[in-house]
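Reader: I keep meeting words like "buried" and "oblique" in descriptions of proteins. Could we go through one and see where such words come from?

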Amino acid sequence: MKGPGKYNPFIKFSKEEKDQSKIYANERKNYVLSHMVEQGWVSKEEYAQAIKTDVPFKKGEFRTAEVSLVDLIQEQLQKREVLDSLGIKSSEELSIAGLKVFTTIDADLQKAAQLAMRRNLSRLETILTGFAPEARENYKTLQDLKVDDFVYGKVTAITSSSPKSAALKISFGAPHGTISNESLVRYAKILNMVDGRGYEHYLQTLLNSIKVGDVLYLEVMALDKETNEAVLELHKRPSISGGLIALDKGEVRAIVSGFDTLGYNRAVKAKRQAGSAFKTEVYFAALQLGWSILDRLDNSRQIFPYQGRFYFPRPDHRSPYESVSMLWAGVMSENLASVSLAAHLLDKLNFDQFKQLLKMMGLDPNVDEVPRDYHYRVAKETGVSLDNEGVENFQLTNAINDLSPDLVFAGDDTILKKLKLMWWGNGYVEEMRRLFYAGGEEGNLKEKGIRQELVANNYLRIKDLNTLLVSELRTLQSRVESLGLEPSFQDPTARQILGHLRVIGETPLPKLAYYASLPEEQNLPRSEHFMLPNPTGRSVTPKDIQDLVKNAGAENVALGLGLIADSVWIDGFVQRKVVNLLTQQIAKHVEDIKKTEDDPYRLFSYFQHHDFRIGLGLKYLVKLSHASGVQNRLEAVLSFPLGSNDVTTSEVAKIYQTFMAGKVYRFFEEGPANQISFIKRIEDRFGNTLYKADRKEQQLVQPQIAQQVREILRRVITHGTGRRARGELYVSAPDPSPDAKGALRQVRVPSFGKTGTTNDYKTAYFAGFMPYPTEKGKPLDPENSYSVATYVGYDMNMMMRRGAQHIYGTVGALPIWTDFLKEVISIKKYANFLDPNTKGEWALIPEAKTTPYFVELPHGVILRAGAGSEAESWRTTSLSVTGEEYLNYYEQLDTPNSCTLNLSPDPSHRLFSTFQLALKDKATADLD
């Protein structure tokens with residue numbers, strides 16, 4: 001039928017158009033009927049009746065097992081480029097246009113992804129809820145089975161009471177099957193992951209809890225069609241769900257919406273926190289802003305004040321290091337170091353680079369823009385207003401850096417560590433009061449104590465204590481002058497002051513510390529576990545005073561009190577003379593800024609402003625993430641690296657796709673800067689191509705930056721939290737050695753990725769990519785990779801925890817990622833592309849503009865130039881066959897934490913190169 005859309009009222013917009021299409025349809029019906037009566041297909045009586053009856057319009061529905069996927073394809077068919085190519089106004093016309101839509105989905109990869117999701121969701125359900133037979137009403141007799149089906153079966157026999165030989169016989173009605181002893185052992189190992197009592201214990205418990213007649217949830221692993229006998233794997237129907245998407249340069253190769261394929265597609269629609277999978281975006285930004293993956297980051301507990309609020313990030317595992325390299329922060333997913341980096345993203349920029357960044361962000365002064373309007377615009381866009389206190393605040397950091405060399409030379413590491421954690425101090429009294437009454441995770445007494453100490457370690461408080469110390473020593477001096485040294489110890493006024501002095505440390509000469517409460521602290525609530533200050537050491541004696549005065553070179557004790565003031569340790573950690581130096585340096589820096597600032601727009605003051613520096617760095621992170629493909633709104637907050645923003649799995653996959661080579665991909669004029677496509681081409685009924693996806697690629701960042709991120713993500717797999725995948729992803733191929741005698745060799749396929757876990761264990765993530773071969777015998781190119789992101793979690797956002805077992809990204813999402821990519825290696829026949837001489841690991845293409853260095857990973861120390869002997873040990877594993885054992889992925893390897901990295905020929909070289917969007921259109925005009 002020519003132009004079938006002419007007769008379809010459901011694709012018309014106005015009532016007149018709908019009515020007219022019905023008229024056309026009835027005219028067409030009558031025309032066809034007239035020819036049918038002429039040719040004898042219908043009688044004249046039937047014809048007379050039929051022409052009186054209007055066409056009974058009824059809108060149908062398209063049905064398929066992959067409904068959630070079809071919905072996504074239908075959405076993309078509505079793109080203007082697609083409709084224009086087809087010459088139609090609405091995608092609804094496609095259903096009657098006789099067209100063939102070819103998708104980017106790889107059917108084999110889609111099946112592998114769905115199977116990996118189902119198996120692991122069942123596995124997680126077992127970990128989280130234990131074993132129990134399924135409800136008996138779920139059992140329905142079946143006539144046949146298919147391999148990879150998940151079905152309910154009924155236990156008909158238990159072959160043995162011995163855990164070493166027991167198997168289960170299952171009936172489905174006509175078909176039958178067996179759950180082998182090996183399957184039961186694998187299931188018992190899953191049960192054992194909760195508390196580690198031993199899989200033998202759980203195997204016996206499992207056998208004791210199963211009886212004939214019970215209904216079990218099973219996977220059909222193999223099937224003998226002649227006997228209708230199946231090999232089965234024990235599972236549990238999950239209530240937990242998840243999503244997965246696999247991209248190949250923007251084209252979707254597989255997408256999984258959960259255990260079932262119907263309804264809501266979680267991979268594209270579900271917005272959840274990605275946890276630490278977002279840390280890599282912070283490293284990506286830092287490398288663009290002059291950082292190196294070898295740079296050292298603070299990895300200790302600290303307070304991050306910003307915009308009048310206080311952030312206390314917590315580690316999710318123990319780390320032996322108070323400072324780590326950026327590389328190690330990624331490898332072991334260090335929360336504290338990553339947040340510290342996010343707060344200090346601009347620390348490597350000089351003033352000229354800072355101004356370039358402002359221009360790139362659209363925050364430089366516009367032509368003819370008066371200063372008042374400029375400052376208002378900047379404050380509106382960043383949330384930070386330029387004020388003198390914020391400038392003075394940042395000078396504390398500069399002053400501490402000024403003093404650092406002298407303190408290091410003097411061996412005062414303890415002082416320097418605490419000074420590095422010192423903050424300015426505005427609002428600390430109110431924060432102390434809030435902490436006292438805090439509940440939730442802050443209500444833990446140990447946690448309150450940590451935060452109390454961090455809050456108290458501020459410059460304004462120490463400065464005021466310094467002033468109070470001088471005042472009290474003067475009062476004490478007057479009491480000693482009038483009463484004498486020993487009698488003054490009985491004087492109430494002197495005793496109160498002496499009570500603020502303590503002797504700390506056992507040294508020949510007394511080490512005097514000063515602990516006191518400031519007037520504004522007097523009304524702070526106190527308890528046994530919550531006190532400020534918290535004095536240590538012993539009470540001071542007259543002899544202590546005499547020894548100190550004598551050591552200062554004074555004969556008169558009263559006059560000598562003024563001489564010992566500089567050596568007093570305020571709050572027990574910093575000498576008064578250091579506090580004085582800090583105050584002097586801060587004042588000097590502030591004065592220097594006033595002398596340097598000759599710009600009416602005060603750009604140098606912005607450069608020296610504590611909150612603005614943080615805010616600009618966070619805003620850069622948000623813009624970079626949008627440029628990498630995120631469409632959802634992102635908050636510029638210090639918890640950004642911990643994945644506190646809600647994103648979709650497809651957005652995470654696009655971000656990690658950008659790490660492959662620094663590129664983004666576009667298929668449509670409208671939409672985000674980095675896009676995905678489900679449509680390959682559309683043909684008419686005669687095979688003519690009417691539409692073909694046009695992929696455009698852009699170099700978002702310099703390739704060197706992406707290469708350095710890959711160094712981090714690769715070591716996550718080999719040395720860090722992703723090392724479950726280390727022994728799973730390999731190619732088995734014949735060994736060509738003359739003495740191999742047909743044996744197989746295992747060649748590891750390099751992969752890259754990052755774990756992610758929300759701090760409440762409601763979502764577990766893993767995202768990364770694995771290269772695929774394109775030419776036989778050639779090294780792998782990371783640019784040609786499958787970017788895969790997957791998450792698991794309850795739709796109702798319940799916590800994933802049972803007893804001491806928490807579902808991290810390593811336990812929850814990584815197994816799905818790994819199991820899927822194992823199948824990719826098999827389906828895509830990697831072995832056919834392997835160089836026969838390759839052993840160990842499949843090589844990657846040589847990295848341009850890099851040199852190998854042998855590096856100690858935790859601290860980023862270069863041990864020597866050139867490749868080192870790889871101390872990393874790995875063995876192939878097949879956990880789907882052997883079952884899994886509990887592994888603490890946050891523990892260090894039993895091999896040295898050192899390996900060869902490809903770095904810039906000059907590792908001290910720093911790159912300042914912000915991301916660039918080549919296409920200028922409305923999609924990229926506002927990336928907020």
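Author: Sure, let's take a few labels one by one and check each against its cut-off. Keep in mind that this is a predicted model.

Reader: Okay, what is in the chain overall?

Author: The chain has 31 helices and 34 strands. Its C-alpha atoms fill a box of roughly 135 × 80 × 60 Å along the principal axes. Of the 928 residues, 54% are buried.

Reader: What makes phenylalanine 659 count as buried or exposed?

Author: The cut-off for buried is under 20% relative accessible area. Phenylalanine 659 has a value of 0%, so it is buried. This residue is found in helix H26. Leaving out residues up to four places away in sequence, it touches Thr280, Glu281, Phe284, Ala706, Val709, Arg710, Leu713 and Phe769.

Reader: And aspartate 571, how do you know which label it gets?

Author: Aspartate 571 has 18% relative accessibility, and buried means under 20%, so it counts as buried too. You'll find it in the loop between strand S17 (569-570) and strand S18 (574-575). It also has a positive phi of about 60 degrees although it is not a glycine.

Reader: What about tyrosine 761, and why does it get its label?

Author: Tyrosine 761 comes out at 15% relative accessibility, which is under 20%, so it counts as buried. Its place is in the loop between strand S26 (752-757) and strand S27 (764-771). Tyrosine 761 is not a glycine either, yet has a positive phi of about 60 degrees.

Reader: Now the helices. How is H26 oriented to H27, and why is it called that?

Author: Helix H26 (residues 649-661) and helix H27 (residues 703-719) pack at an angle of about 110 degrees, their axes 6 Å apart. Angles of 65 to 115 degrees count as roughly perpendicular, so that is what H26 is to H27. In the contact, Tyr656, Thr658, Phe659, Met660 and Ala661 of H26 meet Pro703, Ala706, Val709, Arg710 and Leu713 of H27. These residues divide into eight nonpolar, one polar and one charged.

Reader: Then what makes H9 oblique to H11?

Author: The axes of helix H9 (residues 279-288) and helix H11 (residues 335-343) come within 10 Å and cross at roughly 40 degrees. Roughly parallel needs an angle under 35 degrees and roughly perpendicular starts at 65, so H9 is oblique to H11. The crossing is left-handed. On the H9 side, the contact is made by Lys279, Val282, Tyr283 and Ala286, and on the H11 side by Asn335, Ser338, Leu341 and Ala342. That contact holds five nonpolar residues, two polar and one charged.

Reader: One last helix. How do you know that the length of H6 fits its twelve residues?

Author: At 1.5 Å a residue, the twelve residues of helix H6 (residues 181-192) should span 16 Å. The end C-alpha atoms of H6 are 16 Å apart, so the two values agree.

Reader: And why is H6 called mostly covered?

Author: Eleven of the twelve residues of H6 are buried. Among them are Leu184, Val185, Tyr187 and Ile190. The buried residues of H6 pack against several elements, including helix H5 (107-129), strand S3 (168-171), strand S4 (176-179) and helix H7 (199-209).

Methods
Residues are numbered from 1 along each chain as its sequence is written. This is a predicted model: local features need pLDDT of at least 70, side-chain atom pairs count only at pLDDT 80 or more; totals for chains, interfaces and linings use all residues. Side-chain values use heavy atoms; hydrogens and water are left out. Axes are lines fitted to C-alpha atoms, for helices over the stretch in contact, and angles run from 0 to 180 degrees between N-to-C directions. Helices (H or I, at least four residues) and strands (E, at least two) are DSSP runs, numbered from the N terminus. Angles under 35 degrees count as roughly parallel, over 145 as roughly antiparallel, 65 to 115 as roughly perpendicular and the rest as oblique. A crossing is left-handed if the near helix is turned anticlockwise from the far one by less than a right angle, and right-handed if clockwise. Contact means heavy atoms within 4.5 Å. Ala, Val, Leu, Ile, Met, Phe, Trp, Tyr, Cys and Pro count as nonpolar, Asp, Glu, Lys and Arg as charged, and the others, Gly among them, as polar. The expected span of a helix is 1.5 Å times one less than its number of residues. Buried means under 20% relative accessible area, exposed over 50%, partly exposed in between (1.4 Å probe, protein chains only).
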